[in-house]
Amino acid sequence: MTDLPDGVERRDVDGETRLATRGDPVYGEPTDGEWRAWNPDRSKLGAMLERGMDTGLSGGETVLYLGAAAGTTVSHVADFAGPTYAVEFAPRPMRDLLDAVESRPRLFPLLKDARKPETYAHVVEPVDVIVQDVATRGQARVARENARFLRPDGRLLAAIKARSEDVTADPETVFESVRSELSADFEILEIERLEPYHDDHLGVVARPRCSSS
Amino acid sequence: MTEHDGWFADLDPDDATGAAAAIGDGGADAVREWPSLAVEAGYADDETAYYDRLHEATTTAAREAVRERERADDQQLIHAVRAMDDCRRTANELAERVAEWGGTLDDDAGAGVPYARDLAERDPDDALGARLVLLARRVAELDDEAERLRGFVEEQTPTVAPNLAALAGPVLAARLIALAGGLGDLARQPSGTLQVLGAEDALFAHLDGRAPSPKHGVIYTHEYVRGTRPDERGSAARALAGKLTIAARVDHYSGDRRPELDAELDERIERIRTRNAPEEGSPEGDDR
């Protein structure tokens, strides 16, 4: 089992050992003092950590989070990371995300389309980590378009949803094509399916290829 | 003069409104070390102050953009048409309960919303009857509210989407906008998607190989689909979906009314209905 980042611990919360971070609760998760449980069934990054994938996270990083939704995962990220830029395109979940932002002074919400990085490149600085969880077709392309934000020694942590690419195709076929498309700009370090936490999802840890940027 | 296009370029540090606008509307080609650039440029004294300002500006920009997008007329129309359907569905469901209960107390119990409306007019003779009558009044009120919401939808849709409302009828137009998530979303969809909006279960069953492809979703309620004989309904649905997609695009991108679309649709459906039309009175020509 690889080390958890600083600021993330396994703690007994509500009678069970769970991942937890320190911060204001966001989605009704159980808490223990200032610690709040990080539910891997609701968070793909949580599932990647729970499965022991080597995310390279150590805590305090600058993060670009694509597909922040209502803030379930990005709030945990902001609890242990440094400046965190949260990109979400849909207004309804953004309204909920704004509640999580209030008590997190280094979490920056951006109502922007992750497929159009030029619309937030005037705000987002170069980052150590990109976390990607966008349920749209063309997930590999989103990662490649946003590679411009990643420092040369940075990490891409992506959750790829097979059904977003093609509901009819066999997930393995989808994953294979996403993997090969990602390989153009990234060196893939670890790749794993996220069962039992998330069906038909792939967790990917990758770093930029030196030639790019 | 600044030689970068960061969000804080040319911005007065005290100008919070300008900062939020710059976050929302700006853009850049190149990613740069904005925090240190901002300190260098004198926008913030140090990175802590920079991040504090960035937090305020991004939060304000996101909150305003959310408000603007959620208040848009098409989004309000979506809530109205969904509320109308909710009221109607709830009224029907509650009317069933009323009829069920009424059947035990009233020898002439009827069924559905009409019976509830009838009961609502009565004066109850005892406490038990009063419970039933009050419940029936609730059904009548919900049904009235559904009607009022329908009136609102019929009035609003033509201002939000004049061409779509004219071609589809205001209620169907509002349903299509609701199913797509907004007028812009509907305008960006191919007409094949519009054709099966509302038939998602059938569509996914088809994609899984368990069923034939659906010919129509909610556009089935349109006279041009429902009133066309079954063997040409698929063609009618395709033609209607094509014109409705064009109408949605005109409404979203230009907004002016184009009456020629109505004529084109009428003509197209007329051609579909008359081609290979069975002879009047021929034995295999019935609609079944």
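Two strands are taken as paired if DSSP finds at least two bridges between them, and helices (H or I, at least four residues) and strands (E, at least two) are DSSP runs numbered from the N terminus. The model described here is predicted, so to speak of local features pLDDT of at least 70 is needed, side-chain atom pairs count only at pLDDT 80 or more, and totals for chains, interfaces and linings use all residues. Residues are numbered from 1 along each chain as its sequence is written, while chains are lettered from A and ligands numbered from 1 in the order in which they are written.

In chain A, an open sheet of seven strands follows the order β7-β6-β5-β8-β9-β11-β10, with mixed pairing. Its edges are β7 (107–111) and β10 (186–193) of chain A, each of which pairs on one side only. From one strand to the next, the twist averages 15°; axes are lines fitted to C-alpha atoms, for helices over the stretch in contact, and angles run from 0 to 180 degrees between N-to-C directions.

At the β7 edge of chain A, five bridges link β7(A) to the parallel strand β6 (residues 84–88) of chain A. Here A:Y85 stands opposite A:F108 in β7(A). Helix α2 (residues 72–80) of chain A lies across β5 (63–66), β6, β7 and β8 (127–132) of chain A, and runs at about 170° to β6(A).

Turning to the partner chain, the contact (C-beta atoms, placed from the backbone, within 7 Å) takes 24 residues from chain A and 28 residues from chain B. On the side of chain A that touches chain B, the elements giving two or more residues are α3 (91–102) and β7 of chain A, and α3(A) provides the largest share, five residues.

Notes:
Two residues are in contact if their C-beta atoms, placed from the backbone, lie within 7 Å.
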